[in-house]
Amino acid sequence: MLESKIPDGPLEDKWQKYKAHAQLINPANRRNYKIIVVGTGLAGASSAASLAELGFQVEVFTFHDSARRAHSVAAQGGVNAAKDYKNDGDSVWRMFYDTLKGGDFRAREANVYRLAECSMALIDQAVAQGVPFAREYSGYLSNRSFGGVQVSRTFYARGQTGQQLLLGAYQALMRQNAGSNLTLHTRHEMLDVITINGEAKGVTIRNLDTGELTSHHCDALLLATGGYGKIYYLSTLAMNCNATAIWRAHRKGAFMAAPSWTQFHPTSLPQLGDYQSKLTLMSESLRNDGRIWVPKLVNEKRAPKDIPEDERDYYLERRYPSFGNLAPRDISSRAAKERIDAGHGVGPMKNAVYLDFKDALNRDGQPAIAQRYGNLFDMYQKITGMNAYKEPMMIAPAAHFSMGGLWVDYRLMSNLPGLFVLGEANFSDHGANRLGANSLLQSCVDGYFIAPSTVMDYLAEVGSAKSKKDATWEAAAALSKAEVSKRLEHLLKIKGNTTAEEFHKELGQILYVKCGLSRNQTDMEAAREALFALQKRFQKELLIPGNASEINFELEKAVRVEDYLEMAILIVEDALQREESCGAHFRQEYQTEDGEALRNDGDFKYVSAWEYKGDNQYALHKEHLNFEFVELKSRSYK
């Protein structure tokens with residue numbers, strides 16, 4: 001049932017071969033095709049602008065009040081490309097291998113190689129758009145290193161790389177919006193996918209200002225709505241981030257792949273109290289110059305400046321000498337948790353570790369460090385009141401990125417024909433763990449370079465005759481609107497005494513404790529039962545003031561939390577069936593003698609793809625991964 005549709009031939013020729021044989025549509029005929037893009041982050045804005053530039057009719061929806069508010073702005077550290085500007089041995093092959101290894105060999109070779117191959121063109125595209133990447137004195141673009149690699153391939157704009165890249169994509173989007181090929185709708189949220197004969201043919205949208213439900217027809221639907229890490233409640237994601245778009249597509253037949261692969265970022269600010277609803281990310285780039293340590297003494301009460309060097313445990317340097325503080329995110333996060341759980345945590349809640357710039361400041365001076373990371377230091381001081389030039393930052397692991405998402409083939413189309421999924425919303429490219437600075441890259445590559453070729457290929461393949469708005473489509477659209485309306489009315493009528501936010505907080509705690517950084521069968525089975533009970537309580541005790549015909553943030557939140565509750569059950573189910581440790585999925589029952597992940601290639605060398613069967617029931621499909629060009633090895637960074 002799962003056809004990845006990877007082209008034959010040598011790895012380095014697959015993408016070129018696909019493009020050479022992809023079907024095209026005459027420029028004069030492209031205006032006859034309608035494409036809907038949901039989401040205006042990097043993947044959404046870049047794909048919408050690119051397709052409109054090609055001449056297709058594009059309609060774009062975002063629940064934000066401005067397309068610029070998409071969460072891509074929050075990415076800080078950089079974007080990867082194998083340009084080898086540092087002359088330190090980088091190449092497309094090395095980047096491909098680093099990414100595949102970083103994902104613990106749980107991704108498709110062809111997709112990962114394409115990501116590395118397209119990386120160089122992306123930097124040129126961004127520079128042409130005016131993205132102000134850091135430069136050397138000579139004028140060359142500057143690079144720094146990120147976790148899980150031993151070269152410098154990360155291009156950056158101080159600690160604002162995501163924002164600057166998004167501004168470039170936003171300019172392209174708004175240029176098209178000023179023309180005749182693209183229409184942008186802000187404050188509109190997608191609540192359902194309209195299907196006809198098993199093909200995606202439109203969406204049902206709610207106007208968040210008026211509550212009006214409308215249906216919109218399309219020949220191809222692109223979802224670029226980001227990840228679902230906010231399901232853990234305390235995460236680095238913005239409060240509005242959610243999974244509703246991809247979950248509603250899942251309920252209409254699109255398979256959900258590897259939902260339990262969620263990354264915990266090792267350099268978030270720690271939780272400081274129960275009042276918090278969000279955590280703040282500190283860029284991984286800080287680990288280039290900051291050294292991570294904890295006191296050797298359990299329950300240490302001295303200030304960090306009073307703890308001598310021989311009483312500090314630089315645990316990443318001790319355990320992973322080849323990579324040190326730039327070990328991959330999953331390994332660094334688990335190592336921090338292990339030290340914290342062992343009683344070596346620091347801070348008011350003893351839930352953090354130190355990120356110390358003392359040596360870098362002594363070596364390079366404060367002006368040099370400020371030039372590299374100044375805005376991050378400023379942000380840290382504004383949030384915590386502490387000066388990281390004078391004392392170490394406090395950091396801790398936090399839920400961050402979703403490697404899982406809707407299943408897609410090589411063309412980025414789901415098993416639901418006509419539905420394409422881009423960026424973090426799909427499962428592609430990263431395997432069981434994402435290397436830092438590959439997120440911005442994937443979103444841009446998907447939108448600028450892959451979708452324009454694959455979407456046109458699909459549209460030429462099916463033709464426009466099947467895509468007209470007729471009585472069949474009108475009936476399907478009316479049914480979809482009725483179902484959405486019924487759902488909203490049901491949630492409003494519960495009239496309990498507990499807000500959606502309170503349910504979300506409880507849900508996040510269950511997942512974080514029992515299916516978070518480390519997992520075991522007993523805890524996850526308990527989590528599943530707790531989630532079933534929480535889901536029942538939600539349907540009896542939810543409180544939503546107001547109605548559906550006005551701005552109603554509580555209703556918006558309730559819709560998203562209801563979807564999260566279903567998704568959380570699938571996350572636990574997916575984690576339970578994978579009886580191995582790989583990447584961000586660390587099962588305590590499956591580890592080496594020295595506490596590292598123990599992969600099981602014999603039984604679990606596949607991507608899990610789940611089919612929705614209704615009422616918390618799912619069928620598992622497996623996409624078996626074939627490694628023709630690399631040798632599977634134990635993943636070691638020591």
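How many aromatic pairs does the count come to? The model is predicted, and the count comes to 24 aromatic pairs.

Start with W293 and Y314. Their ring centres lie 6.3 Å apart, and the planes meet at 45°. A tilted pair has planes that are neither under 30 degrees nor over 60 degrees apart, so W293 and Y314 form a tilted pair. This pair links distant parts of the chain. W293 belongs to strand β12, residues 291-295. Y314 sits in the loop between β13 (312-313) and α7 (315-319). The two residues are 21 residues apart.

Are these two residues buried or exposed? Buried means under 20% relative accessible area. W293 has 0% relative accessibility, so W293 counts as buried. Y314 has 9%, so Y314 is buried as well.

W293 also pairs with Y354. Here the centres are 4.7 Å apart. The planes stand at 45°, and the pair is tilted. Y354 lies in strand β14, residues 353-356, while W293 lies in β12, so the pair ties together parts 61 residues apart in sequence. Y354 has a relative accessible area of 8%, and is therefore buried.

Next comes a cluster. F357, Y373, F377 and Y389 form one aromatic cluster.

Charges meet rings too. Which residue lies over the face of W15? R114 does, at 4.8 Å from the ring centre. F401 has R434 over its face, at 4.1 Å from the ring centre.

Technical notes. Residues are numbered from 1 along each chain as its sequence is written. This is a predicted model: local features need pLDDT of at least 70, side-chain atom pairs count only at pLDDT 80 or more; totals for chains, interfaces and linings use all residues. Side-chain values use heavy atoms; hydrogens and water are left out. Rings of Phe, Tyr and Trp (its six-membered ring) pair if their centres lie within 6.5 Å; planes under 30 degrees apart count as stacked, over 60 as edge-to-face and the rest as tilted. Helices (H or I, at least four residues) and strands (E, at least two) are DSSP runs, numbered from the N terminus. Buried means under 20% relative accessible area, exposed over 50%, partly exposed in between (1.4 Å probe, protein chains only). A charge sits over a ring if NZ of Lys or CZ of Arg is within 6 Å of the ring centre and within 35 degrees of the ring normal.
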